[in-house]
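Here are my notes on the model you sent over. I've gone point by point, so dip in wherever you like.

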Amino acid sequence: MIPLDFPIIQRALIGSILAGLLTGLVGVFIIRMKLTSSSFCLSHAAFAGAALGITLSLNPLSMALIFSAIIASIIGPVADKAKLHADIIMSITFPLNMALAFIFITLAPSVSQLTGEFTTILWGSVLSMDINDIAILAIILLVTTIVFYLLWKEFFSIMFNKMMAEADGINTKFFVYLAIFIIGIVVTLSLKLVGGLLVFALLVNPASTAFQFLHELKKIVILSPLIGAATCAAGLILSLFLNWPVGACIVMISTLCFAISVFLSPKRKRG
Amino acid sequence: MSIHKEVILKIENVSTVYEGERKPAIKDINLTVNVGELIYIVGPNGAGKTTLLETINGLLPYIKGRVFVFGMDLQKNGRKIRSRIGYVPQDFMVEPDEPFTALDVVLMGLYGKLGLIAKPTNNDVDKAYRVMKLLGIEDLAKRPIGKLSGGQQQKVMIARALAKEPEILLLDEPFSNLDPKSREMVISIIKNLNDHGLTTLIVTHDIKSIIENCRRIVIMMDGRIIADASMNEAKRIFEYSTFHTHVYL
Ligand SMILES: Nc1ncnc2c1ncn2[C@@H]1O[C@H](COP(=O)(O)OP(=O)(O)OP(=O)(O)O)[C@@H](O)[C@H]1O
Ligand SMILES: [Mg+2]
């Protein structure tokens with residue numbers, strides 16, 4: 001039986017569910033606004049930030065947040081300046097973030113300290129979640145939900161067609177910038193759960209699964225976070241049973257869900 | 001319709017250049033439109049008709065001259081102006097799998113006007129339904145927009161522009177996918193709204209509609225306005241069939 005009474009595991013479960021809700025929600029915006037590169041670009045920005053934090057003996061998570069927030073804020077304006085889609089700018093920024101991370105690592109004082117921190121960031125360690133991590137996740141989930149709820153009609157219109165939204169008098173640039181900024185924060189915070197390498201699956205899979213079943217974005221944006229939470233919780237439980245890495249188990253479950261959804265999808269049926 | 005001629009749109013010496021291009025797509029355009037006018041804009045492919053419409057609602061920035069809409073400078077009040085202009089773009093097509101219903105799309109027309117944070121009310125939904133009913137597409141309200149036919153989608157985009165209750169209506173070939181009966185219906189709706197004072201600019205190649213309804217025609221060619229004729233002059237122009245075959249075909 002799973003020892004659910006162990007506080008560590010309870011925290012891990014709550015953390016997984018919160019992160020699943022959060023990434024599932026944000027994933028809908030990532031897919032509809034065609035910002036899929038944001039997941040690897042911004043997770044590596046967080047990675048570079050954490051490396052800088054370790055090098056300067058500052059808190060790696062705060063530095064990761066600051067760094068990815070800065071990168072996330074400049075991507076939109078750079079994309080507009082370059083007249084390229086933000087997704088392309090993020091693909092360009094992604095190796096830059098890697099390069100910065102490597103440089104910061106090289107400058108770091110002690111290698112032994114680094115290894116532990118980086119393993120966490122790369123692969124996640126949900127079992128090391130403390131009450132603060134959970135509180136931060138909960139607050140960000142709340143804030144993100146409120147922001148998307150209040151500004152839903154603008155995002156909704158932009159996700160249908162940006163040019164038409166602009167023609168109706170909506171400030172589309174602002175909303176794209178805001179979305180990328182929120183994605184940066186969410187990606188950084190989910191690093192602790194699955195790590196920078198697997199966060200992609202968390203962001204893209206639940207929304208893609210929900211798209212298989214529903215024709216209305218209004219419903220998808222509710223189903224996707226639920227799928228995210230369920231797959232994260234299921235992945236955690238699987239990992240406890242099998243004693244496999246949590247991030248990997250979550251990705252396996254979430255990919256399996258997507259695969260099944262493709263077969264079950266009513267959108268592929270005729271008559 | 002107002003008896004006093006009140007200017008709603010004034011374009012002075014405007015040129016618009018697409019990014020990365022050297023040659024302006026429209027050059028030295030001058031156009032004054034009064035409240036309640038119905039203007040047809042015609043000209044061959046590439047003449048600059050779409051560019052002109054998108055310059056008027058500020059989607060394309062102009063590099064020279066000045067544009068005033070509702071008495072406001074377009075460069076300073078773009079968004080406020082756009083929230084009061086209905087725009088039906090040319091050849092707007094939606095992928096089959098887009099997760100939006102026809103009603104969602106029609107309702108979006110109102111979003112710019114509602115302002116931040118405000119949610120559409122039941123009243124707004126009724127308004128959207130009424131416009132869809134007017135266009136005979138209320139049965140399609142709950143269908144995904146991408147699963148509609150080209151003509152049905154075009155009607156949804158017209159409904160979106162009308163639901164906004166615009167003060168200026170810009171239509172870019174709004175009949176291109178419509179069957180003759182639907183075309184008649186859309187024209188009569190537009191004429192009816194125009195009779196109630198809605199300023200309307202229509203880009204079309206549909207000669208029949210022009211001959212029957214035209215009060216003022218603007219002919220464009222190679223980025224310039226080459227003729228801006230009143231109803232009677234326009235009628236005379238169209239009596240020369242050779243002329244319109246030359247201009248349109
Ligand atoms: N995005 C763009 N970038 C560069 N040039 C463009 C762009 N769109 C249009 N043009 C050019 O601007 C000119 C005017 O184009 P516009 O689309 O306004 O023509 P139009 O009169 O609407 O034609 P049509 O009847 O085919 O719709 C053309 O020469 C075209 O090649
Ligand atoms: Mg055109």
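**Notes on the interface, metal site and pockets**

1. Chain B and chain A bury about 2800 Å² between them, with 61% of it on carbon and sulfur atoms. Keep in mind that this is a predicted model. On the residue side, the contact takes 36 residues from chain B and 30 residues from chain A. If you want names to click on, try Arg79(B), Pro99(B) and Tyr111(B): they supply 21% of the area that chain B buries against chain A, more than any other three residues.

2. Next, the metal. Which residues coordinate the magnesium ion (ligand 2)? Thr50(B) does it through OG1 and Gln90(B) through OE1, at 1.9 to 2.1 Å. Thr50(B) sits in helix α1 (residues 49–56) of chain B, while Gln90(B) is in the loop between β6 (85–88) and α3 of that chain, so the pair ties together parts that are 40 residues apart in sequence. As for accessibility, Thr50(B) comes out at 23%, which counts as partly exposed, and Gln90(B) is also partly exposed, at 30%.

3. Helix α1 of chain B also holds Glu54(B). Is Glu54(B) buried or exposed? Its relative accessibility is 14%, so Glu54(B) counts as buried, the cut-off for that being under 20%. Leaving out residues up to four places away in sequence, Glu54(B) touches Met163(A) from the other chain, plus Leu59(B), Leu60(B) and Tyr87(B). Asp172(B) is 118 residues from Glu54(B) in sequence, yet their C-alpha atoms are 9.8 Å apart in space.

4. For contrast, have a look at Glu19(B), in the loop between β1 (7–16) and β2 (26–34) of chain B. Glu19(B) has 60% relative accessibility and therefore counts as exposed. From the C-alpha of Glu19(B) to that of Pro61(B) the separation is 9.7 Å, with their positions 42 residues apart along the chain.

5. Now the largest pocket, which holds about 1200 Å³ of space. It is lined by 42 residues, and the closest to its centre are Asp80(A), Lys162(A), Glu166(A), Thr172(A) and Lys173(A). Two or more lining residues come from each of α3 (60–82), α7 (152–160), α8 (162–167) and α9 (172–194) of chain A, and from α2 (74–82) of chain B. Which element gives the largest share of this lining? That is α2(B), with seven residues. By class, the lining of the largest pocket splits into 19 nonpolar, ten polar and 13 charged residues.

6. The second largest pocket has about 500 Å³ of space. Of its 23 lining residues, Tyr149(A), Trp152(A), Lys218(A), Val221(A) and Lys119(B) are the closest to the centre. Elements giving two or more residues here are α1 (7–32), α6 (131–150), α7 and α11 (217–242) of chain A, along with α3 (102–108) of chain B. The lining of the second largest pocket has 16 nonpolar, one polar and six charged residues.

7. Last, the enclosed space. How many cavities of 30 Å³ or more turn up in the whole structure? The search finds four, and the largest has a volume of about 70 Å³. The residues that line the largest cavity are Leu61(A), Met129(A), Asp133(A), Ile136(A), Leu137(A), Thr188(A), Leu189(A) and Lys192(A). Both α6 and α9 of chain A supply at least two of them, and the class split is five nonpolar, one polar and two charged.

Definitions and conventions: Residues are numbered from 1 along each chain as its sequence is written. Chains are lettered from A and ligands numbered from 1 in the order in which they are written. This is a predicted model: local features need pLDDT of at least 70, side-chain atom pairs count only at pLDDT 80 or more; totals for chains, interfaces and linings use all residues. Side-chain values use heavy atoms; hydrogens and water are left out. On a 1 Å grid over the protein atoms alone, a cavity is a set of points where a 1.4 Å probe fits but cannot get out, and a pocket is an open set with protein on both sides within 12 Å along at least five of seven lines; lining residues have an atom within 4 Å of a point. Grid points are joined across faces, edges and corners, and a volume is the space filled by probe spheres set on the points. Helices (H or I, at least four residues) and strands (E, at least two) are DSSP runs, numbered from the N terminus. Ala, Val, Leu, Ile, Met, Phe, Trp, Tyr, Cys and Pro count as nonpolar, Asp, Glu, Lys and Arg as charged, and the others, Gly among them, as polar. Donors are N, O and S atoms within 2.8 Å of the metal (3.2 Å for Na, K and Ca); water is not among the atoms, so sites may look incomplete. Buried means under 20% relative accessible area, exposed over 50%, partly exposed in between (1.4 Å probe, protein chains only). Contact means heavy atoms within 4.5 Å. Buried area is the accessible area (1.4 Å probe) that two parts lose on being put together, summed over both.
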